[in-house]
Amino acid sequence: MVDVPATSRGFTLIELMVTLAVVAILVTVAIPNYRMFVLNSRMSAQANDFMTAIGLARSEAIKRATGVSLCKSANGTSCTTSGTWAQGWIVFTDGGTVGTKDPADVVIQVRGPLEGASTLTGSAAVANFIAYRATGYGTVAGTIALCPPSPAAVEGRDIEISNTGRARVQRPPAVACA
């Protein structure tokens, strides 16, 4: 039998307990911060997705020299007036009734529902659709509020659309999420 020196036999019980205590403290501090990081990242990504759709609608209106609209859609093929923007939306050429997907209109982009139980609700002017003329100017101005699931552990975002059709994200939102 080989004689092993005492210094290379492994961890003592005290060393193991101290290591576990340090790991437990680190995990206790890190997990809530990681959750906040994930929620903030989700809010930013969802606001950016909506801003991208608005920018696409505006640029396509100018490029195609025709009206282009963005409306909330539950099925990805037609507009709806029920529910919120969180159910998804479509961007489409809008040659007929403004804010309504007519048979001759072409769908440019489809976005499905938001993940993580976030809410996306528009003010009265932009409750159902956002429309752009061929000049790139919008037909309405309003605010769309993006809120995290309740209770709100992170702040939401407001997406504000001006009279000229330009959109921007306001953080923190004008009205705090519940």
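At 37% relative accessibility, Arg64 counts as partly exposed, and this residue makes a good starting point for a walk through the structure. Keep in mind that you are looking at a predicted model.

## Arg64, Glu60 and their surroundings

Arg64 forms a salt bridge with Glu60, and the closest N and O atoms of the two are 2.5 Å apart. Both residues belong to helix H1, where they sit 4 residues apart, about one turn of the helix. Is Glu60 buried or exposed? With a relative accessible area of 9%, Glu60 is buried, because buried means under 20%. Lys63 joins the picture as well: Glu60, Lys63 and Arg64 are linked in a network of salt bridges. Between the side chains of Glu60 and Lys63 there is also a polar contact of 3.2 Å.

Glu60 has further company once residues up to four places away in sequence are set aside: it touches Ala65, Val68 and Ile108. Ala65 is worth a pause. You can find Ala65 in the loop between H1 and S1, and its phi is near 55°, a positive value in a residue other than glycine. The relative accessible area of Ala65 is 59%, so this residue is exposed.

A similar story can be told about Ala117. Its phi is near 60°, again positive in a residue that is not glycine. Ala117 is placed in the loop between strand S3 (107-111) and strand S4 (119-122), and with a relative accessible area of 55% it is exposed.

## Salt bridges

How many salt bridges does the structure hold? There are 5. The table shows some of them, including the one you have just met.

| Salt bridge | Closest N to O distance |
|---|---|
| Arg64 and Glu60 | 2.5 Å |
| Arg171 and Glu155 | 2.6 Å |
| Arg168 and Glu160 | 2.8 Å |

Look at the pair of Arg171 and Glu155, joined by a salt bridge. Arg171 lies in the segment after S8 and Glu155 in the loop between S6 and S7, so this pair ties together parts that are 16 residues apart in sequence. Arg171 is partly exposed, with a relative accessible area of 47%, and Glu155 is partly exposed too, at 34%. In the bridge of Arg168 and Glu160, Arg168 is partly exposed at 46%, whereas Glu160 is buried at 19%.

## Two cis peptide bonds

Arg171 appears a second time here. The peptide bond from Arg171 to Pro172 is cis, with omega near 5°, and Pro172 is found in the segment after strand S8 (167-170). Another cis peptide bond runs from Ser150 to Pro151, with omega near -5°. Pro151 has its place in the loop between strand S6 (142-147) and strand S7 (157-161).

## Aromatic pairs

A pair of aromatic rings is described by the distance of the centres and the angle of the planes. A search of the whole structure finds 3 aromatic pairs. One of them, Tyr34 with Phe37, is tilted, at 6.5 Å from centre to centre and 35° between the planes. Tyr34 and Phe37 are 3 residues apart in helix H1, which means they are separated by about one helical turn. Both of these residues are exposed.

Why is the pair of Phe50 and Trp85 called edge-to-face? Their ring centres are 5.2 Å apart and their planes stand at 80°, and planes over 60 degrees apart count as edge-to-face. Phe50 lies in helix H1 and Trp85 in the loop between strand S1 (68-72) and strand S2 (89-93), so the pair ties together parts that are 35 residues apart in sequence. Phe50 is buried, with a relative accessible area of 0%, and Trp85 is buried at 0% as well. Ring pairs link Phe50, Trp85 and Trp89 into a cluster.

## A surface patch and a loop residue

Now turn to the surface. Phe11, Leu13, Leu16, Met17 and Leu20 make a nonpolar surface patch of about 600 Å². Phe11 is placed in the segment before helix H1 (13-64), and with a relative accessible area of 74% it is exposed.

Finally, visit Val98, in the loop between S2 and S3. Val98 is partly exposed, with a relative accessible area of 45%. Which residues does Val98 contact, leaving aside its neighbours within four places in sequence? They are Phe129 and Ala131. Val98 and Arg133 are 35 residues apart along the chain, and their C-alpha atoms are separated by 9.8 Å.

Methods: Residues are numbered from 1 along each chain as its sequence is written. This is a predicted model: local features need pLDDT of at least 70, side-chain atom pairs count only at pLDDT 80 or more; totals for chains, interfaces and linings use all residues. Side-chain values use heavy atoms; hydrogens and water are left out. Patches are made of residues with over 30% relative accessible area and no salt bridge: like charges are joined within 9 Å, nonpolar side chains (Val, Leu, Ile, Met, Phe, Trp, Tyr) within 5 Å. Accessible areas come from the Shrake-Rupley method with a 1.4 Å probe; for residues, only the protein chains shown count as cover. A salt bridge is a side-chain nitrogen of Lys or Arg within 4 Å of a carboxyl oxygen of Asp or Glu. Helices (H or I, at least four residues) and strands (E, at least two) are DSSP runs, numbered from the N terminus. Buried means under 20% relative accessible area, exposed over 50%, partly exposed in between (1.4 Å probe, protein chains only). Rings of Phe, Tyr and Trp (its six-membered ring) pair if their centres lie within 6.5 Å; planes under 30 degrees apart count as stacked, over 60 as edge-to-face and the rest as tilted. A polar contact is a pair of N or O atoms within 3.5 Å; within protein, one must be able to donate a hydrogen and the other to accept it, and residues adjacent in sequence count only if both atoms are side-chain atoms. Contact means heavy atoms within 4.5 Å.
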